[in-house]
Amino acid sequence: MSHKILMLPGDHIGPDIVAEADRLLRCLAADFGLQAELEYANLGGCAVDAEGAPFPESTRALAQAADAMLLGAVGGPEWDAIERDKRPERGLLAIREAQGLFANLRPAILFPELADASSLRAEVVAGLDILIVRELTGGIYFGQPRGIRTRDDGVREGFNTLVYGADEIERIGHAAFAAASRRQGRLCSVDKANVLESSELWREVMSDLAAQYPHVELSHLYVDNAAMQLVRAPKQFDVMVTGNLFGDVLSDCAAMLTGSIGMLPSASLDANGRGLYEPVHGSAPDISGQDRANPLATLLSVAMMLRYSLNESALADRVEHAVQAVLGQGLRSADLAANGVTPVGTRAMGDAVIAALRAQTD
Ligand code: IPM
Ligand code: MG
């Protein structure tokens with residue numbers, strides 16, 4: 001059966017990096033037996049320009065019919081002044097919500113070849129392998145009421161609502177406990193239960209779930225401490241589970257431990273394993289269209305797609321090994337290159353990964 005993959009290049013470097021994913025997928029189809037049909041749609045600023053909305057109906061229909069989606073990145077300064085509902089980021093939030101993509105998996109793995117690219121000392125990060133499980137369709141990102149209003153005294157105020165139902169906490173909890181069971185069996189739940197009622201419930205529900213996963217060791221941290229521990233001794237973590245906003249912040253922090261945010265893939269899954277895959281980084285308007293973006297996070301997102309949505313874990317391993325081989329050859333994109341090393345462009349990096357894939361002998 002052929003897999004339907006919806007490609008959503010998005011804005012700025014999005015098309016640069018998704019072009020490399022397209023070539024990788026076509027190589028997997030031509031040489032490794034992957035059955036896939038690629039379709040394209042607009043999401044983000046490009047969709048506002050072409051179709052008047054950041055998540056247009058046409059994209060919604062194609063997303064609904066796809067087995068998996070691959071997103072580049074959305075956003076850029078040209079859409080900064082646009083009305084709030086048309087912001088590119090709203091398109092991303094809307095597709096997450098419409099497709100029920102509540103479980104966001106963000107692995108932060110340090111390739112040994114990149115230990116020196118981390119801002120932390122190599123011994124602090126060597127062997128790092130963390131999975132952040134972020135709740136993606138609830139919490140303060142979606143809570144109502146929200147808005148900007150004018151108070152009786154004439155002063156304007158902005159407001160948002162942080163609300164989590166026990167059902168939402170439970171389903172992300174199950175996803176995280178299940179992930180921890182497949183790894184080292186340690187789960188750290190991150191909240192702010194010393195201040196927030198929503199976190200008090202979060203902690204209670206997570207603690208109750210633990211009884212169903214006797215092989216997983218559950219711990220809890222307040223988010224401020226978790227941020228500190230991530231940069232102090234990151235290897236203490238196996239899986240971390242947290243809400244939408246805390247997960248947004250902590251995942252960028254964890255990403256940087258690995259040398260560059262340009263290396264990190266992610267998966268956003270629904271209850272049935274259908275998903276949207278995207279690099280954790282943004283649209284980098286300053287380098288778009290210049291063949292300078294690092295495509296590796298996007299290619300690693302293709303690997304996650306193969307593993308989680310397309311049931312092709314052997315191909316996922318191949319892609320990950322090919323990326324590692326390219327790093328082993330010393331190739332570095334601009335975000336990773338040390339002083340004196342000539343950086344490799346987006347296209348050449350994509351070429352090298354495809355060549356490494358074809359060179360695999362097993
Ligand atoms: C992310 C991004 C998004 C988020 C933005 C672009 C809406 O930062 O995926 O981490 O905040 O979720
Ligand atoms: Mg973010």
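In this predicted model, an oxygen atom of ligand 1 lies 2.8 Å from an N or O atom in the side chain of R106. The protein covers 78% of the 320 Å² of accessible area that ligand 1 has on its own. A second arginine, R96, has an N or O atom of its side chain 2.7 Å from an oxygen atom of ligand 1. An acidic residue also takes part: a polar side-chain atom of D248 is found 2.9 Å from an oxygen atom of the ligand.

These three residues belong to a shell that is made up of E89, L92, R96, R106, R134, Y141 and D248. By residue class, the shell contains five charged residues and two nonpolar ones, with no polar residue. Helix α4, which spans residues 88-98, supplies the largest share of this shell, namely three residues. The position of the ligand relative to the domains follows from the origin of the shell. Domain 1 (1-102 + 270-362) and domain 2 (111-260) both contribute residues to it, and therefore ligand 1 lies between them.

From the ligand, the description turns to the segment that follows helix α9. G259 is located in the loop between α9 (244-257) and β11. This glycine counts as buried, because its relative accessible area is 5%, under the 20% limit. The C-alpha atom of G259 is 23 Å from that of P15, and the two residues are 244 positions apart along the chain. Strand β11 itself covers residues 265-269 and includes S268. With a relative accessible area of 0%, S268 is buried. The side chain of S268 is joined to that of N104 by a polar contact of 3.2 Å.

The cysteines may be considered next. How many disulfides does the structure hold? It holds zero. For C188, the reason lies in distance: the closest cysteine sulfur, in C253, is 13 Å from the sulfur of C188, which is too far for a bond. A disulfide is a covalent bond between the sulfur atoms of two cysteines, and the cut-off applied to such a pair is 2.5 Å. C188 is also buried, as its relative accessibility is 5%. C27 is likewise classed as buried, with a relative accessible area of 3%.

Several features of the backbone remain to be described. The peptide bond between Q144 and P145 is cis, with omega about 0°. P145 is situated in the loop between β5 (129-135) and β6 (147-150).

Positive phi angles occur at two residues of interest. D291 is not a glycine, yet its phi is positive, at about 60°. This aspartate is placed in the loop between β12 (275-279) and α10 (296-308). Its relative accessible area is 38%, and D291 is therefore partly exposed, a class that lies between the 20% and 50% limits. N311 is not a glycine either, and has a positive phi of about 60°. The residue is found in the loop between α10 and α11 (313-328). Is N311 buried or exposed? Its relative accessibility is 71%, over the 50% limit, so N311 counts as exposed.

How values were computed
Residues numbered from 1 in each chain as written. Chains lettered and ligands numbered in written order. Predicted model: local features only at pLDDT ≥ 70, side-chain atom pairs only at ≥ 80, totals over all residues. Heavy atoms only, no water. Near = heavy atom within 4 Å. Polar contact = N/O pair within 3.5 Å; in protein donor to acceptor, adjacent residues only side chain to side chain. Areas by Shrake-Rupley, 256 points an atom, 1.4 Å probe, with all protein chains shown as cover. Helix = DSSP H or I, 4+ residues; strand = E, 2+ residues; numbered from the N terminus. Nonpolar A, V, L, I, M, F, W, Y, C, P; charged D, E, K, R; others polar. Domains from an automatic or database assignment. Buried < 20%, exposed > 50% of the residue type's maximum accessible area, 1.4 Å probe, protein only.
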